[in-house]
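Subject: Structure handover

Hi,

Here is the structure for you to look through. My notes on it follow below.

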Amino acid sequence: MPSPPHLQKEISQSAQAVATRIEDVEDFPIPGVTFKDMGPLWRDPVLSKRAIGAMILMVEEAQGRPDCVVGIESRGFIFGPAMALHWDVPFVPFRKQGKLPGVLNRVSYDLEYGSAELECQANALKPGMRVLIHDDVFATGGTARAAMQLVEACNAVTMACTFIIELNGLNGREGWPLSSVNETCLSLVRYK
Ligand code: AMP
């Protein structure tokens, strides 16, 4: 069902405002990469709250409330906890290898050069939980796909993913593992 026009308007106006506070940094962290610096957004509390509110609206319109919010290390830890607190649901960090104690679930995934691992505590997600995954940037989609595999390894269900920005040119939506990509891959700002 399409969202009411006033909600769509708030989401698109928030996205426009957020886009003005994201700065391109050429050749960082390596030559040829244009880094999307969200520092100016994060330093603006009014706009940050608006961005979080807009992502919450997108999620509720598409999928309803989650049972849990997962944030991907490290920039998924900035807005992810705020969304979890809004819904009064647990926040679960998915961390890089070697950071978490106890019994862990783990997935490996390929990077452009080499590979990486994401880990979570094995008891952090309960079987059947409807999980919202949050990260700052959706680029090739490799990190988000690994996070979805880790949710599955915990016998929970990814209901959607939210991103502050999506880099369209990298075709991250190809091979998206969830049904209805437009209802489950929720990016506030989409760049060509
Ligand atoms: P990917 O797995 O290719 O979708 O990359 C997503 C991850 O890499 C996210 O956790 C981002 O924080 C980071 N990332 C990728 N590309 C950029 C970029 N151009 N600017 C800032 N962060 C990026």
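One contact to start with: the backbone nitrogen of Leu 47 lies 3.0 Å from a polar atom of the side chain of Asp 44. Asp 44 sits in the loop between α2 (39-42) and α3 (45-63). Its relative accessible area is 15%, so Asp 44 counts as buried. The cut-off for buried is under 20%. Please keep in mind that this is a predicted model.

**The ligand site**

Which pocket does the ligand take up? The ligand fills the space of the largest pocket. The elements that each give two or more residues to the shell around the ligand are β2 (34-37), β7 (130-138) and α5 (142-153). Of the elements, β7 gives the most to that shell, with four residues.

How many residues surround the ligand? There are 14, and the closest are Arg 75, Asp 135, Asp 136, Thr 140 and Thr 143. By type, the shell divides into five nonpolar, five polar and four charged residues.

Three backbone contacts to the ligand are worth finding on screen:

- Lys 36: a polar backbone atom is 2.9 Å from a nitrogen atom of the ligand.
- Gly 141: a backbone N or O atom lies 2.8 Å from an oxygen atom of the ligand.
- Gly 142: a backbone N or O atom lies 3.5 Å from an oxygen atom of the ligand.

How much of the ligand does the protein cover? On its own the ligand has 490 Å² of accessible area, and the protein covers 80% of that.

**Backbone geometry**

Next, the loop between β1 (23-26) and β2. Pro 29 is in this loop. A cis peptide bond joins Phe 28 to Pro 29, with omega at about 0°. Asp 27 is found in the loop between β1 and β2 as well. Asp 27 is not a glycine, yet its phi is positive, at about 60°. Is Asp 27 buried, partly exposed or exposed? Its relative accessibility is 47%, so Asp 27 counts as partly exposed. Exposed would need over 50%.

There is another cis peptide bond to check, between Glu 73 and Ser 74. There, omega is about -5°. Ser 74 lies in the loop between β3 (68-72) and α4 (76-87).

Asn 171 also has a positive phi without being a glycine, at about 55°. Where is Asn 171? It lies in the loop between β8 (157-167) and α6 (181-184). Asn 171 counts as partly exposed because its relative accessibility is 43%.

**Helix α6 and strand β9**

Thr 184 lies in helix α6. Its relative accessible area is 5%, so Thr 184 is buried. Two C-alpha distances place Thr 184 in the fold. Thr 184 and Phe 35 are 149 residues apart along the chain, and their C-alpha atoms are separated by 25 Å. Gly 114 and Thr 184 are 70 residues apart in sequence and 28 Å apart in space, C-alpha to C-alpha.

Gly 114 itself is in the loop between β5 (104-110) and β6 (115-121). Gly 114 has 51% relative accessibility and therefore counts as exposed.

Cys 185 is in strand β9 (residues 185-191). Is Cys 185 buried or exposed? Cys 185 is buried, because its relative accessible area is 2%. From Cys 185 to Asp 88, the C-alpha separation is 22 Å, with these positions 97 residues apart along the chain.

**Back to strand β2**

Asp 37 belongs to strand β2, one of the elements that give two or more residues to the ligand shell. At 25% relative accessibility, Asp 37 counts as partly exposed. Asp 37 and Ala 147 are 110 residues apart in sequence, and their C-alpha atoms are 22 Å apart in space.

**Where to look**

Begin with the ligand in the largest pocket. Then turn to the two cis bonds, Phe 28 to Pro 29 and Glu 73 to Ser 74. Finish with the positive phi angles at Asp 27 and Asn 171.

Best wishes

Definitions and conventions. Residues are numbered from 1 along each chain as its sequence is written. Side-chain values use heavy atoms; hydrogens and water are left out. A residue is near a molecule or strand if one of its heavy atoms lies within 4 Å of it. A polar contact is a pair of N or O atoms within 3.5 Å; within protein, one must be able to donate a hydrogen and the other to accept it, and residues adjacent in sequence count only if both atoms are side-chain atoms. Accessible areas come from the Shrake-Rupley method with a 1.4 Å probe; for residues, only the protein chains shown count as cover. On a 1 Å grid over the protein atoms alone, a cavity is a set of points where a 1.4 Å probe fits but cannot get out, and a pocket is an open set with protein on both sides within 12 Å along at least five of seven lines; lining residues have an atom within 4 Å of a point. A molecule sits in a cavity or pocket if more than half of its atoms lie within 2 Å of its grid points. Ala, Val, Leu, Ile, Met, Phe, Trp, Tyr, Cys and Pro count as nonpolar, Asp, Glu, Lys and Arg as charged, and the others, Gly among them, as polar. Buried means under 20% relative accessible area, exposed over 50%, partly exposed in between (1.4 Å probe, protein chains only).
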